[in-house]
Amino acid sequence: MASERMAVAVLCAVFGGCVTSEIEVPSDVARVTPAALTTGATCDPQNASGVAERYERALLDTIAYAEGTRGRGKDGYNVTFGYRYFDTCDEHPNMKVCAGSLCSTAAGRYQFLNKTYEGLNMDNFWPQAQERGALELIKRRGVTLPAAPLTATQFANALDRLSYEWASLPPARYGQGKLSTEQVRAEYCDAARCGEAPTATQNAAAFVTIERDGLLYRYESDGAGRFTSRALSSGWDSVTAMGAGADYDGDGHSDIVTMDFQYGLELQLGDGAGDYEFLPVSLDAGELIALGAGADYDADGHPDFIATDDSGALLLARGDGTGRFETVLLSRQASEMISIGGGADYNSDGYRDFIVLQSDGSTLFYRGDGTGEFDASFLELDGTQLALLGGGADYDGDRAADLIATAADGGGYLYAGLGDGTFEARWLGAGWDWVLFMD
């Protein structure tokens, strides 16, 4: 068989490492067709969006850089040892790939050996599961990430521990690493912006609201379940429904969807600084009554949202990334649904879910399966009679998605997700009856 010389980076997240150097790689392993790089929606990098915080993300990107997977295929999520590609991330591929005399089952952005990944008890091999798996391995190695860039000393100590897990990291414990500490540190600092002081806006999980004064507000979490708010802009008085925060145009900034009695359905495209540019949206539906829970429910790499209309239909608006949406009917029994929140993985199965509040105060949990279909069940939320749902991020720093709610008595609640589809109610204070809509 023809072969070509190829420098293979260390592609093993290990419990006991592997060793490599300049080795012979068969040409059918080293080369892939363009089609192999573009197939596999379950491996789309956007599925990992929102799992890791800023400085977690910086370290994960640095590990992927050292492993040689970053930027390959689906940004490494569908890459095996030897740079072979696989088409689905429904499970670890467990492909034993040989390059020269070395064979390995390492796969994914962080090159998990199959036995290592089995020990993490993940439900699938989707990018979000790979992120959680890598963060768990970092935690098991005793590395704690602060809410700021790692100092040089902290970074060196982290490498010392993580190099037992990822053998590509200095000090190259298994003899195959070719990167210096300085090189790896430079990559980390480029991602973490080591020279910059962190700001609340950069680190905060946040949501936006429209309130009775017609202003749009941003609520930022301190990472411990407490919030500060600031007004962004005025002129939102004619909005009749708002929510579904997500990045619909792929520019890295969160957008929202609004229903306006003057202008109809619009995407409000955020610039990250608090300003929005409207984009009219056409949707095959009646007048929208409630909307929310922006997330990618069908694993095509584009955010979708959930809505109800005046015909009593519950709808999935499937986005294509250009501001156009295809309407999918989920139920014709939505006439009592008054608010929609979520758009996060609440039961840790790797798929996005949403939650609906009904007029009688009951709540329904719609568990997503990653194909745009859902399984609904009643959900018990402790607390008083609720009026509005929103949120869908980790606001208290425990890496489990939470939910925000307002109550009929004007109270605000953080429903802290426990990661198993259940929630713990925490009172945020009074005065939340000013909130009309939130994303």
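A charged patch, as the term is used here, consists of residues with over 30% relative accessible area and no salt bridge, in which like charges are joined within 9 Å. In this predicted model, one such patch of negative charge lies on the surface and brings together D249, D251, D271 and D275.

D275 shows how a member of the patch is placed. This residue belongs to the loop between strand 10 (264–270) and strand 11 (276–280). Its relative accessibility is 46%. Because partly exposed denotes the range between 20% and 50%, D275 is classed as partly exposed.

G245 offers a further point of reference, within strand 8 (residues 239–246). With a relative accessible area of 25%, G245 is likewise partly exposed. Ten residues separate G245 from D255 along the chain, and their C-alpha atoms are 5.5 Å apart.

From the surface, the description may now turn to the interior. In soluble globular proteins, nonpolar side chains tend to be buried together. The largest nonpolar core of this model comprises 39 residues, and those that touch the most other members are Y110, F112, I138, W166, L169 and Y188. Two or more residues are supplied to this core by each of helix 3 (54–67), helix 5 (127–140), helix 6 (152–162) and helix 7 (181–192). Helix 3 makes the greatest contribution, with seven residues. Another core lies apart from this one; it has 17 residues, including A241, L265, L269 and A307.

Terms used
Residues are numbered from 1 along each chain as its sequence is written. This is a predicted model: local features need pLDDT of at least 70, side-chain atom pairs count only at pLDDT 80 or more; totals for chains, interfaces and linings use all residues. Side-chain values use heavy atoms; hydrogens and water are left out. A nonpolar core is a set of buried Ala, Val, Leu, Ile, Met, Phe, Trp, Tyr and Cys residues joined through side-chain atoms within 4.5 Å. Buried means under 20% relative accessible area, exposed over 50%, partly exposed in between (1.4 Å probe, protein chains only). Helices (H or I, at least four residues) and strands (E, at least two) are DSSP runs, numbered from the N terminus. Patches are made of residues with over 30% relative accessible area and no salt bridge: like charges are joined within 9 Å, nonpolar side chains (Val, Leu, Ile, Met, Phe, Trp, Tyr) within 5 Å. Accessible areas come from the Shrake-Rupley method with a 1.4 Å probe; for residues, only the protein chains shown count as cover. A salt bridge is a side-chain nitrogen of Lys or Arg within 4 Å of a carboxyl oxygen of Asp or Glu. Lys and Arg count as positive and Asp and Glu as negative; His and the chain ends are not counted. The place of a charge is taken as NZ of Lys, CZ of Arg, CG of Asp or CD of Glu.
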